[in-house]
Structure formats: C-alpha cells, structure tokens
Amino acid sequence: VGESYNETYTVIEEDWAGSQAQGVVQAYNRPQYLYTGGAPGLNASDLVLLTYSGNRWFGGYFEGGQIIFTEEWKDFYSFSMRNYHAFFDRAYDIGTVFVSDVTTGDTPVNVDFYGVGEKGEQFGPFGVLYPWANQTGR
C-alpha cells in the first residue's frame, strides 16, 4: 500500500468464511487483507485491515483491534463480514485512515492509495487525501 516502509499484508483465513470462499474472509467478493508488518509505531494488539468497499479499498486502523480474532469476538466478526456494506456500516467514518483510487480490480495491487487528512464538507466526500505513492520524478 505505502512505499515508505515496505508494508506487508496477508489474506485473512477463518473457518467460518466457508468453502465457497476457500476459507478467505471477503467483502464484495474480494479478500480482506490483514496488515502483518513494516510500518513503525504499531502495537501488536492494533489492527489494520484493507477491505474493498464496492469501488475503493479502505484501510482501517483499530487500536487494540486484534481482539476480533479471539473466540469471544468470532460471532461478531463473522456476522459483520457476511453482512458488510460500506455505506450502511459507515466504513469510511469509522477507523478509515487510508483509501485507494477508484478501482474494480480484484486486488489492491497497482492501485494508488492516499492517507486521509481533515474531514468536512469543505473537503469533499473523502476529506483531504494525501498521496502515498512515491512522487519522485513526476
């Protein structure tokens, strides 16, 4: 996603995701990705998810969010992903810290991402977006 720290992500596999998805958690028939490392300053208990929203990838940060993978949260996480809808779930308003360009691709590969800055009506529907791509030479 970012180019500064060589961040890494992996698909999330859960038994409840079902055989049709081969055990991979999905939203809008695209895998949900879990941040696994690269950027400094994140605690092991924090959660960064990359989820497709219907026309963009949303990157959500949730302090202490790794708790969703515990047995106590399994039903909630399972229900949330099986019934996910970016608009109704207010995905952009809750936890989204980066967002992609519009895309219909099956993966976030070769898609530009932007850090989300200030939000408000004066900034448009996604707020101020700061490019994460390396701009050297452009």
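## Exercises on a predicted model

At 14% relative accessibility, Arg-30 counts as buried, because buried means a relative accessible area under 20%. The structure to which Arg-30 belongs is a predicted model, and the exercises below work through it from the whole chain down to single residues.

### Exercise 1: The chain as a whole

Determine which secondary structure elements the protein chain has and in what order they follow one another.

*Solution.* Begin with the inventory: the protein chain holds 1 helix and 9 strands. Next, read these elements along the sequence, which gives the pattern β-β-β-β-β-β-α-β-β-β. Then turn to burial, where 37% of the 138 residues in the protein chain are buried. The accessible surface that the chain presents comes to about 8500 Å², and carbon and sulfur atoms account for 50% of it. Finally, consider how the chain folds back on itself: of the contacts between residues at least 6 apart in sequence, 51% join residues at least 24 apart.

### Exercise 2: A salt bridge and its two ends

Find the partner with which Arg-30 forms a salt bridge, and state whether each of the two residues is buried or exposed.

*Solution.* The first step is the count, which comes to 1 salt bridge. In this bridge the side chain of Arg-30 meets that of Asp-106, with 3.9 Å from N to O, a distance that falls within the 4 Å cut-off for a salt bridge. The second step is to place the two residues: Arg-30 is in strand β3 (residues 30-31), whereas Asp-106 is in the loop between β7 (96-100) and β8 (113-116), so that the pair links distant parts of the chain, 76 residues apart. The third step compares their surroundings: Asp-106, at 52% relative accessibility, counts as exposed, while Arg-30, at 14%, counts as buried.

### Exercise 3: The nonpolar cores

Identify the residues of the largest nonpolar core, and say which elements each supply at least two of them.

*Solution.* The largest nonpolar core consists of 11 residues, namely Ile-12, Trp-16, Val-25, Ala-27, Leu-34, Leu-47, Leu-49, Ile-68, Tyr-77, Met-81 and Tyr-84. At least two residues of this core come from each of β5 (47-52) and α1 (74-82). A second core, separate from this one, has 9 residues, among them Val-48, Leu-50, Phe-98 and Phe-113. As a general tendency, nonpolar side chains in soluble globular proteins are buried together.

### Exercise 4: One side of a helix

Explain why the buried residues of α1 lie on the same side of the helix.

*Solution.* The residues in question are Tyr-77, Ser-78 and Met-81, which are the buried residues of α1. Around the axis they cover an arc of only 100°, and therefore they are on the same side of α1. The elements that they pack against are β2 (26-27) and β5. One contact partner of Met-81 is Ala-27, which also touches Thr-51, Tyr-52 and Tyr-84 when neighbours within four places in sequence are left aside.

### Exercise 5: Val-25 and its surroundings

Work out where Val-25 is placed, whether it is buried or exposed, and which residues it touches.

*Solution.* Val-25 is located in the loop between β1 (8-11) and β2, and with 1% relative accessibility it counts as buried. Its contacts, not counting residues up to four places away in sequence, are Ile-12, Glu-14, Trp-16, Ala-17, Arg-30, Pro-31, Gln-32, Tyr-77 and Met-81. Of these, Glu-14 is 11 residues away along the chain, and the two C-alpha atoms are separated by 6.6 Å.

### Exercise 6: Four loop residues

Decide for Asn-29, Asn-110, Lys-119 and Ser-53 how far each is buried or exposed.

*Solution.* Take Asn-29, in the loop between β2 and β3: it has a positive phi of about 60° although it is not a glycine, and at 70% relative accessibility it counts as exposed. Asn-110, in the loop between β7 and β8, likewise has a positive phi of about 60°, and at 80% it counts as exposed. Lys-119, in the loop between β8 and β9 (129-131), is partly exposed at 41%, and it touches residues including Tyr-92 and Gly-127. Ser-53, in the loop between β5 and β6 (57-62), counts as buried at 10%, and a polar atom of its side chain lies 2.7 Å from the backbone oxygen of Arg-56.

Conventions
Residues are numbered from 1 along each chain as its sequence is written. Side-chain values use heavy atoms; hydrogens and water are left out. A nonpolar core is a set of buried Ala, Val, Leu, Ile, Met, Phe, Trp, Tyr and Cys residues joined through side-chain atoms within 4.5 Å. Buried means under 20% relative accessible area, exposed over 50%, partly exposed in between (1.4 Å probe, protein chains only). Helices (H or I, at least four residues) and strands (E, at least two) are DSSP runs, numbered from the N terminus. Contact means heavy atoms within 4.5 Å. A polar contact is a pair of N or O atoms within 3.5 Å; within protein, one must be able to donate a hydrogen and the other to accept it, and residues adjacent in sequence count only if both atoms are side-chain atoms. Accessible areas come from the Shrake-Rupley method with a 1.4 Å probe; for residues, only the protein chains shown count as cover. The arc is that of the directions from the helix axis to the C-beta atoms.
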